[in-house]
Amino acid sequence: MKKIKLTVIPGDGIGSEVMPHALDILDVIGEIHGGLDFEYEHFDYGCDYYLKHGKMMADDGMEHLAESDSILLGAVGDASKVPDHISLWGLLLKIRQEFELAINVRPAKVFRGIDSPLSAPEDFDLVVVRENSEGEYSSVGGRMYRGDDEIAIQNNVFSKRATKQAMEYAFKLSAGRSHHVTSATKSNGIFHAMPFWDEVFSETSAQYEGIRTSQQHIDALAASLVTHPQRYDTIVASNLFGDILTDIGAAIMGSIGIAPSANLNLNDKSPSMFEPVHGSAPDIAGRGIANPIGQIWTVKMLLDHHGEEEMGSMLLNTMESVTADGILTPDVGGGASTDEVAGEVIKRLKRKM
Ligand SMILES: NC(=O)C1=CN([C@@H]2O[C@H](COP(=O)(O)OP(=O)(O)OC[C@H]3O[C@@H](n4cnc5c(N)ncnc54)[C@H](O)[C@@H]3O)[C@@H](O)[C@H]2O)C=CC1
Ligand SMILES: CC(=O)C(=O)O
Ligand SMILES: [K+]
Ligand SMILES: [Mn+2]
């Protein structure tokens with residue numbers, strides 16, 4: 001029996017509404033597989049934990065997480081309780097940085113049965129490789145003076161190592177896809193970091209034959225992702241650009257509630273982390289209508305990561321059969337609840353047992 005040890009952090013808002021379904025689905029997958037077992041350790045880290053303990057996770061939290069094979073996360077953040085920069089840096093970004101989850105892989109594609117807001121979307125199936133450890137998401141900088149003289153300085157950090165690593169990952173990923181990598185740049189406006197980014201991109205591309213490359217400034221790329229998503233296969237982007245592009249990618253799929261992400265550790269020193277692209281959605285939390293597809297799709301990515309691609313494909317096809325039959329939450333135009341959509345996925349999976 002292959003055992004996969006997972007730590008589970010549902011987090012805030014709709015995180016705790018979508019997570020139980022992901023675990024139910026993992027259990028069913030384990031049964032279908034026959035030789036696969038998931039063990040869970042649950043953590044109640046999040047903004048309520050902060051209100052009780054004055055921190056987003058226990059002092060020995062990272063040590064506990066480090067013992068697992070992978071981490072499943074829902075969403076972090078509830079600005080009504082804790083300022084977002086405190087909650088995210090105390091949990092989500094802490095895990096990403098301390099576990100060196102250097103790459104954030106975020107796919108987007110046309111899902112049968114889910115209408116894109118584009119009037120005539122052509123078939124698209126793309127993936128964004130987001131540098132996940134530095135860039136614009138850095139804690140370097142500070143604030144000085146107060147009042148009208150106040151100054152805030154935020155330093156962007158671009159190391160050759162992390163930049164190249166993200167680009168190499170994108171090229172390798174694209175080799176198994178449509179052999180096309182697009183670099184998201186802004187070297188016309190960002191004077192130092194982005195010309196550096198472009199140089200590392202051309203240096204990296206020289207190592208990979210047979211892969212077509214493009215580069216586009218982030219503003220034009222954002223626009224063209226909306227008008228021509230079918231032009232893209234693999235996009236490599238800095239931390240902030242990748243963050244924004246993947247919300248756009250989610251929007252052209254039909255909803256941010258669908259999109260998944262894999263935060264990958266590449267040096268085998270720490271577990272990787274799987275979470276939907278969306279946040280805690282306080283505007284719909286507690287109503288039972290959060291789309292569970294994004295969180296369920298993270299289960300597919302987790303299965304792929306642990307070498308269970310066959311199970312992963314089966315899950316993705318089952319999810320798509322549910323959306324294709326119009327069983328949808330309100331964010332994608334349906335009338336079903338979170339439980340109904342997830343329940344239908346589980347029902348159809350169980351038919352395969
Ligand atoms: N990785 C993470 O854990 C992230 C956390 N956040 C945090 O989440 C909180 C809310 O942030 P927002 O900017 O509002 O982004 P958000 O992604 O939580 O919500 C944006 C919009 O999308 C909708 N939405 C999101 N997920 C959905 C789902 N599964 N089903 C249906 N509709 C869904 C929401 O209702 C909202 O209208 C903040 O505290 C923020 O810092 C935001 C993004 C990522
Ligand atoms: C924080 C955030 O929005 C993200 O990592 O996607
Ligand atoms: K999330
Ligand atoms: Mn985001």
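**Helix α10 and its neighbours**

The face of α10 turned away from its buried side carries Glu309 and Glu310, which are exposed (12 or fewer other C-beta atoms within 10 Å of the residue's own, against 20 or more for buried and in between for partly exposed, with C-beta atoms placed from the backbone). This is a predicted model, in which local features need pLDDT of at least 70 and side-chain atom pairs 80 or more, while totals for chains, interfaces and linings use all residues. Residues are numbered from 1 along each chain as its sequence is written, and chains are lettered from A and ligands numbered from 1 in the order in which they are written.

Helices here are DSSP runs of H or I of at least four residues, numbered from the N terminus. Helix α10 has 16 residues, 309-324, and its end C-alpha atoms are 22 Å apart, which agrees with the 22 Å expected at 1.5 Å a residue (1.5 Å times one less than the number of residues).

Now the other side. Buried in α10 are Met311, Gly312, Leu315, Leu316, Thr318, Met319, Val322 and Thr323. They cover an arc of only 160° around the axis, so they sit on the same side of α10; the arc is taken over directions from the helix axis to the C-beta atoms. Their cover includes α1 (15-33), α9 (293-305) and α11 (338-350).

How do α10 and α11 cross, and at roughly what angle? Their axes, lines fitted to C-alpha atoms over the stretch in contact, with angles from 0 to 180 degrees between N-to-C directions, come within 9 Å and cross at roughly 125°. From α10, the contact is made by Thr318, Met319, Ser321 and Val322, and from α11 by Val341, Glu344, Val345, Arg348 and Leu349; contact means C-beta atoms, placed from the backbone, within 7 Å.

Just after α10, Gly326 has a positive phi of about 80°.

How values were computed:
Helix = DSSP H or I, 4+ residues; strand = E, 2+ residues; numbered from the N terminus. Contact = placed C-beta atoms within 7 Å.
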